[in-house]
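Student: I should like to learn how to read a structural model feature by feature. May we begin with one residue and work outwards?

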Amino acid sequence: MKWIYIFLSGVLLGVLMFFLGAGAPVPTVMSAMRASTAVAPPIAIPGPAQVDMAEPSSIQRVASTRFAPAVVIVKPVTNQLLIPVAGVSASQLSDTFNQARGIDRRHEALDIPAPKGTHVFAVADGKVAKLFDSKPGGLTIYQFDISEKFVYYYAHLDRYAEGIEEGILLKRGDLIGYVGATGNAATPHLHFTIFELGPEKQWWKGSAINPFTLLGGVQPP
Ligand SMILES: [Zn+2]
């Protein structure tokens, strides 16, 4: 009979343990679970929701900022180009693009006067397409833009900057040469223009685009 007593008390103790021992932790676990189901979902749901909201927008933001220069590069229409002559501000630029040259020719470039030896900078990123010494242009640099649909043309240079070679990738603002009066220039100045290339992307064949506003120049009223 004693074993029954022991068994029953054991069962009782077990039940008691369940309610007291396990019972106590259970409510804690339950309350924690309840708390976690009550609190966590609001945290978890707005969390991921916010993340979902934040992620694409931040990706879009990254994408759009990555796109921004691409837009500038493919279509160099904003005034994002660096003025290629050191010490010259946009207000000092004069639009000499449509000046007559001879009877039926236009200048189709900007002349930016500066003392001989003034630094000439790359207006934007892009590869050096050609270093060319021509009779009218003197020492010249043809630089592709990043899309290679346009060419930046710098002429009458006194000399090239050190390390300038065909095929190297220039960054906007890189020193590429020095103002001079080579070719048919009477006085030291940089002759600068942009050519839009045809599908063959031949650096020597393109139609000129006025760089005046692209360099930040403002037409007088
Ligand atoms: Zn010129």
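Tutor: Let us begin with contacts. This is a predicted model. Leaving aside neighbours within four places in sequence, F132 is in contact with T140 and Y142.

Student: In which element is F132 found?

Tutor: F132 belongs to strand β3, residues 126–134. Its bridge partner in β4 is T140, one of the two residues named among its contacts.

Student: How do β3 and β4 run relative to each other, parallel or antiparallel?

Tutor: They run antiparallel and are joined by six bridges. The two strands form a hairpin, with three residues between them.

Student: Is F132 buried, partly exposed or exposed, and why?

Tutor: The reading rests on a count of C-beta neighbours, for which 20 or more within 10 Å would make a residue buried and 12 or fewer exposed. F132 has 16 such neighbours inside 10 Å, and therefore counts as partly exposed.

Student: What may one say of β4 as a whole?

Tutor: Strand β4, residues 138–144, is mostly covered, with six of its seven residues buried. On its pairing with β5 (residues 150–160), five bridges link the two strands in the antiparallel sense. Within that pairing, Y142 stands opposite Y153 in β5.

Student: How far is F132 from A155?

Tutor: Their C-alpha atoms are separated by 9.2 Å, although the residues are 23 apart along the chain.

Student: How should one read a positive phi, and where does E148 lie?

Tutor: One asks which residue carries the value and in which element it is found. E148 lies in the loop between β4 and β5, a hairpin with five residues between the strands. Its phi is positive, near 60 degrees, and the residue is not a glycine. E148 counts as partly exposed because it has 14 C-beta neighbours inside 10 Å. K201 offers another case: it is not a glycine, yet has a positive phi of about 55 degrees. K201 is found in the loop between β8 and β9 (206–209), and its 15 C-beta neighbours inside 10 Å are why it counts as partly exposed.

Student: How does one read a nonpolar core, and which residues touch the most other members of the largest one?

Tutor: In soluble globular proteins, nonpolar side chains tend to be buried together. Here the largest nonpolar core has 37 residues, among which V120, V151, Y153, Y154 and L190 touch the most other members. The elements giving two or more residues to this core are β1 (110–113), β2 (119–121), β3, β4, β5, β7 (175–179) and β8 (189–197). β5 gives the largest share, seven residues. As for L190, the residues it touches beyond four places in sequence include V120, Y154 and V179.

Student: How many helices and strands does the chain have?

Tutor: The chain has four helices and nine strands, and in sequence order the pattern is α-α-α-α-β-β-β-β-β-β-β-β-β. Of its 221 residues, 25% count as buried. Among contacts with a separation of 6 or more, 64% join residues 24 or more positions apart.

Student: What is the average pLDDT of the chain, and where is caution needed?

Tutor: Where pLDDT is low, the predicted coordinates should not be read in detail. The chain averages 76, and 64% of the residues score at least 70. Over residues 11–79, however, the pLDDT is below 50, and this stretch has 19 contacts in the model beyond near neighbours in sequence.

Note on methods. Residues numbered from 1 in each chain as written. Predicted model: local features only at pLDDT ≥ 70, side-chain atom pairs only at ≥ 80, totals over all residues. Contact = placed C-beta atoms within 7 Å. Pairing = 2+ DSSP bridges. Core = buried A, V, L, I, M, F, W, Y, C linked by C-beta atoms within 7 Å. pLDDT = per-residue confidence, 0-100.
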